[in-house]
Amino acid sequence: DPGFERGAVPCLLERATQPPCQTCAPERGGYLWAIGFWSAKIYVPRLNNLVPAMSFRIKKATSVIESHCLRDDRIVVSAAGTHSQSNYLSLAIEDEDGHVGFGEAAVSPLWSGETAVGAKNLVDECFMPLLIDATFDHPSEAIALLDRVILGSPFAKSAVDVAFWDLYAKRLASPAWSLFGDQETLKSIPT
């Protein structure tokens with residue numbers, strides 16, 4: 001599979017020149033990525049047009065599996081069985097400037113069909129070869145790339161998504177929550 005070889009990563013991403021829809025894409029602040037080995041283009045929307053784009057390159061990533069027993073008052077009992085322990089995939093990604101973003105995902109075959117071991121292998125063997133040494137302007141680009149080349153696995157992808165947003169927020173010296181949304185927060189809701 002040529003898309004997962006480390007050597008293919010630098011030519012995997014190319015900046016495309018034109019948005020897919022000339023009438024709406026520029027106002028929404030989106031941009032395109034061309035995925036070289038598929039010769040397909042994907043539109044990546046900017047989630048917050050008020051946040052400036054900034055380029056950053058991922059230098060390394062570390063993932064670990066952590067298990068935590070639930071407190072007695074938090075144990076879930078259902079027709080599917082008893083859930084008394086949660087397994088987490090924890091992820092740290094570091095950029096070339098030394099900023100580190102952290103993400104995690106609670107994985108359970110009962111909820112998502114994903115296991116901690118499977119999610120870790122997917123992150124280490126499939127996601128990271130695409131992301132390490134790649135340059136991004138916005139966190140949404142990373143998930144758009146993963147969605148284009150790997151079907152499903154929403155919990156494993158969420159660990160990467162959270163780590164990218166955490167890293168991006170640290171680069172901007174802003175809390176991550178302030179970067180979400182595409183409009184001002186409502187002060188009140190008319191009733």
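**Notes on a sheet and the helices packed on it**

1. Let's start in the middle of things: strand β4 (residues 56–69) and β7 pair in the antiparallel sense, with 11 bridges between them. For a register mark, look at Val-64, which stands opposite Ser-90 in β7. Please keep in mind that this is a predicted model.

2. Now widen the view. The two strands belong to an open sheet of 4 strands, ordered β8-β7-β4-β9, and the pairing is antiparallel. At the edges sit β8 and β9, each of which pairs on one side only. As background, strands of a sheet pair through backbone hydrogen bonds, in either a parallel or an antiparallel way. For the protein as a whole, expect 6 helices and 9 strands, with buried residues making up 40% of the 191 residues.

3. Next, follow β7 (residues 85–95) into β8. The two run antiparallel and are joined by 8 bridges; one pair to find is Glu-94 with its bridge partner Val-100 in β8. Together β7 and β8 form a hairpin with 4 residues between them. Gly-98 sits in that turn and has a positive phi of about 90°.

4. While you are at the turn, click on Glu-96, which is in the loop between β7 and β8. Glu-96 has a relative accessible area of 41%, so it counts as partly exposed. Leaving out residues up to four places away in sequence, Glu-96 touches Arg-57 and Lys-59. Lys-59 is 37 residues from Glu-96 in sequence, yet their C-alpha atoms are 5.3 Å apart. On contacts across the whole protein, take those between residues at least 6 apart in sequence: 62% of them join residues at least 24 apart.

5. Which residues make up the covered face of β8, and which the uncovered one? On β8 (residues 100–107), the covered face has Gly-101, Gly-103, Ala-105 and Val-107. The uncovered face has Val-100, Phe-102, Glu-104 and Ala-106. So the Val-100 that pairs with Glu-94 is on the uncovered face.

6. Two helices meet this sheet. Helix α6 lies across β4, β7, β8 and β9, and runs at about 155° to β8. Helix α4 also deserves a look, through its contact with α6. The axes of α4 (residues 116–131) and α6 (residues 154–172) come within 9 Å and cross at roughly 50°. The two helices are therefore oblique to each other, and their crossing is right-handed. If the two values seem an odd choice, packed helices are described by the angle between their axes and the distance between the axes.

7. What does the α4 and α6 contact consist of? From α4 come Ala-119, Leu-122, Val-123, Phe-127, Met-128 and Leu-131, and from α6 come Ala-156, Lys-157, Val-160 and Phe-164. By class that gives 9 nonpolar, no polar and 1 charged residues.

8. Then there is helix α5 (residues 139–149). Is α5 mostly covered or uncovered? It is mostly covered, with 9 of its 11 residues buried. Among those buried are Pro-139, Ser-140, Glu-141, Ile-143 and Val-149.

9. The axes of α5 and α6 come within 8 Å and cross at roughly 160°. That makes α5 roughly antiparallel to α6, and this crossing is right-handed. On the α5 side, the contact is made by Pro-139, Ala-142, Ile-143, Leu-146 and Asp-147. The α6 side brings Lys-157, Val-160, Asp-161, Phe-164, Trp-165 and Tyr-168. Counted by class, there are 8 nonpolar, no polar and 3 charged residues. Three α6 names, Lys-157, Val-160 and Phe-164, appear both here and in the contact with α4.

10. Finally, two backbone spots to check. Most residues other than glycine have a negative phi. Asp-133 has a positive phi, near 75°, and is in the loop between α4 and β9 (135–136). With 44% relative accessibility, Asp-133 counts as partly exposed. Ala-173, which is not a glycine either, has a positive phi of about 55° and lies in the segment after α6. At 70% relative accessibility, Ala-173 counts as exposed.

Terms used: Residues numbered from 1 in each chain as written. Predicted model: local features only at pLDDT ≥ 70, side-chain atom pairs only at ≥ 80, totals over all residues. Heavy atoms only, no water. Buried < 20%, exposed > 50% of the residue type's maximum accessible area, 1.4 Å probe, protein only. Pairing = 2+ DSSP bridges. Axes fitted to C-alpha atoms, helices over the stretch in contact; angles between N-to-C directions. Parallel < 35°, antiparallel > 145°, perpendicular 65-115°, else oblique. Left-handed = near helix turned anticlockwise from the far one by under 90°. Contact = heavy atoms within 4.5 Å. Nonpolar A, V, L, I, M, F, W, Y, C, P; charged D, E, K, R; others polar.
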